[in-house]
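Dear colleague,

I am passing on the structure we spoke about, and I would be grateful if you could keep it open while you read the notes below.

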Amino acid sequence: MALRIAIQGIKGSNHHQVAKNYFDGELELVECLSFDAVVDQLLQKKADKGVMAIENSIAGSIIPNYALVHRNNLHIIGEYYLNIHHNLMVLKGQRFEDIKEVSSHPMALLQCKEFFKDYPNIRLIEDVDTAATAKRIQEQRLEHVAAIAPKVAAELYNLDIVADDIQTIKNNSTRFIIVKTKNKELPKEEINKASLRFLTDHKRGSLATVLNVMSDCNLNLTKIQSLPVIETPWKYSFFVDVTFTNYDDFEKAKSLLNIMLEEIKVLGEYKNAML
């Protein structure tokens, strides 16, 4: 039976590429127009697992997705880093000179902003997905319109690439998380990374104390992101990623932090993809 994987976007998107690379065996893609829709498919049991972008090496964190994972009690069971290559593609027979507008996901447009400074006559239009415009160009035989999308989209939708690797910074990577509604899938001895959310009180040095506990327990902090607690103005939650070589060290840190903090939640325990 094919594994049902919910992705933000459609076939030919970066999320599709991650699903292909991460999972073994036959896949059934559940295409979603938003990250909220990805979560809904998981909660309604119409998908087994989901793929969500969480941060980019150029544009930074995709902050709403941290809140989505927390509020919907999703569990991070894995991660994948994808090198992003943005390519400009058009209908077969069209040339670069024919382009009047370019449509793509806002993040893709942001990452290619420098390239288009030399072409002020080209209009940049935000779309829901990198591959959605590519598909529309092919289906509607659109002339004078280009898409920014992965090469796999050009192959799927029979388009010509008229400029490749147009992203501002060539070493452009996005971290994706693999999520599901149930907890970890790996045995403890294979787990060496975790994602946590916690709240601190307003006492001076509270955050520093938490970080010191993590350091004393041999945890390496690889990410920290603060988000406002909407129900309580001027209060913040912290989302952190930590790596470790010994799961016992992580368990010891959890025990200490449970005592110190007013609230702490493990969002996921999984394998570090950077190793």
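What follows goes from the domains to the cores, and then to a few single residues.

Please bear in mind throughout that this is a predicted model.

The protein chain is divided into domain 1 (3-83 + 173-180), domain 2 (87-163) and domain 3 (193-269). Two features recorded in UniProt can be set beside this division, both from an unreviewed entry: "domain: Prephenate dehydratase" is placed at residues 4-181, and "domain: ACT" is listed for residues 195-271. Over residues 4-181 the model has 31% helix and 33% strand, with the end C-alpha atoms 13 Å apart, while the span 195-271 has 32% helix and 39% strand, with its end C-alpha atoms 11 Å apart.

Domain 1 and domain 3 have their C-alpha centres 24 Å apart, and 15 residues of domain 1 make contact with 14 residues of domain 3. The largest nonpolar core, which has 35 residues, has Val-51, Met-52, Val-69, Ile-76, Ile-177 and Val-179 as the residues with the most contacts inside it. This core takes at least three residues from each of domain 1 and domain 3. Val-69 gives a view of how such contacts are made, since, leaving out residues up to four places away in sequence, Val-69 touches Leu-74, Ile-76, Ile-177, Val-179 and Leu-267. A second core, separate from the one just described, is made of 19 residues, among them Val-210, Val-240, Phe-244 and Phe-250.

Helix H2 (residues 35-43) is worth a look in the viewer. Its buried residues are Phe-35, Val-38, Val-39, Gln-41 and Leu-42, and, seen down the axis of H2, these buried residues fall within an arc of 160°, so they line one face of the helix. As general background, an α-helix has 3.6 residues a turn, so residues three or four places apart point the same way. The elements that cover the buried residues of H2 include strand S1 (3-8), helix H1 (14-22), strand S2 (27-32), strand S3 (49-56), helix H3 (63-71) and strand S11 (173-180). Just after H2, Lys-45 has a positive phi of about 60°.

Glu-269, in strand S15 (residues 263-270), may interest you as a charged side chain to inspect. Is Glu-269 buried or exposed? Its relative accessibility is 5%, and because buried means under 20% relative accessible area, Glu-269 counts as buried. The side chain of Glu-269 makes a polar contact of 2.6 Å with the side chain of Tyr-247 and another, of 3.3 Å, with the side chain of Lys-254. If neighbours within four places in sequence are set aside, the residues in contact with Glu-269 are Ile-76, Lys-184, Ile-191, Lys-193, Ala-194, Tyr-247, Phe-250 and Lys-254. Two of these have appeared above: Ile-76 is listed among the residues with the most contacts inside the largest nonpolar core, and Phe-250 is included in the second core.

Next come two buried residues from another part of the chain. Ala-134 lies in helix H6 (residues 130-140) and is buried, with a relative accessible area of 0%. Not counting residues up to four places away in sequence, Ala-134 touches Met-89, Ala-147, Ala-153, Tyr-157 and Leu-159, and its C-alpha atom is separated by 8.7 Å from that of Ser-104, although Ala-134 and Ser-104 are 30 residues apart along the chain. Phe-96, by contrast, is found in the loop between strand S6 (87-90) and strand S7 (101-104), yet at 17% relative accessibility Phe-96 also counts as buried. With residues up to four places away in sequence again left out, Phe-96 touches Leu-88, Phe-115, Tyr-119, Ile-122 and Val-162. Between Phe-96 and Ala-37, which are 59 residues apart in sequence, the C-alpha to C-alpha distance is 35 Å.

Lastly, there is the backbone after H6. Most residues other than glycine have a negative phi. Arg-141, which is not a glycine, has a positive phi of about 55° and is found in the loop between H6 and strand S9 (145-149). His-144 lies in the loop between H6 and S9, where its phi is near 65°, again a positive value in a residue other than glycine. His-144 is partly exposed, with a relative accessible area of 30%.

With best wishes

How values were computed. Residues are numbered from 1 along each chain as its sequence is written. This is a predicted model: local features need pLDDT of at least 70, side-chain atom pairs count only at pLDDT 80 or more; totals for chains, interfaces and linings use all residues. Side-chain values use heavy atoms; hydrogens and water are left out. Helices (H or I, at least four residues) and strands (E, at least two) are DSSP runs, numbered from the N terminus. Buried means under 20% relative accessible area, exposed over 50%, partly exposed in between (1.4 Å probe, protein chains only). A polar contact is a pair of N or O atoms within 3.5 Å; within protein, one must be able to donate a hydrogen and the other to accept it, and residues adjacent in sequence count only if both atoms are side-chain atoms. Contact means heavy atoms within 4.5 Å. UniProt positions are given in the numbering used here, feature names are shortened, and annotations may be inferred rather than shown by experiment. A nonpolar core is a set of buried Ala, Val, Leu, Ile, Met, Phe, Trp, Tyr and Cys residues joined through side-chain atoms within 4.5 Å. Domain bounds come from an automatic or database domain assignment. The arc is that of the directions from the helix axis to the C-beta atoms.
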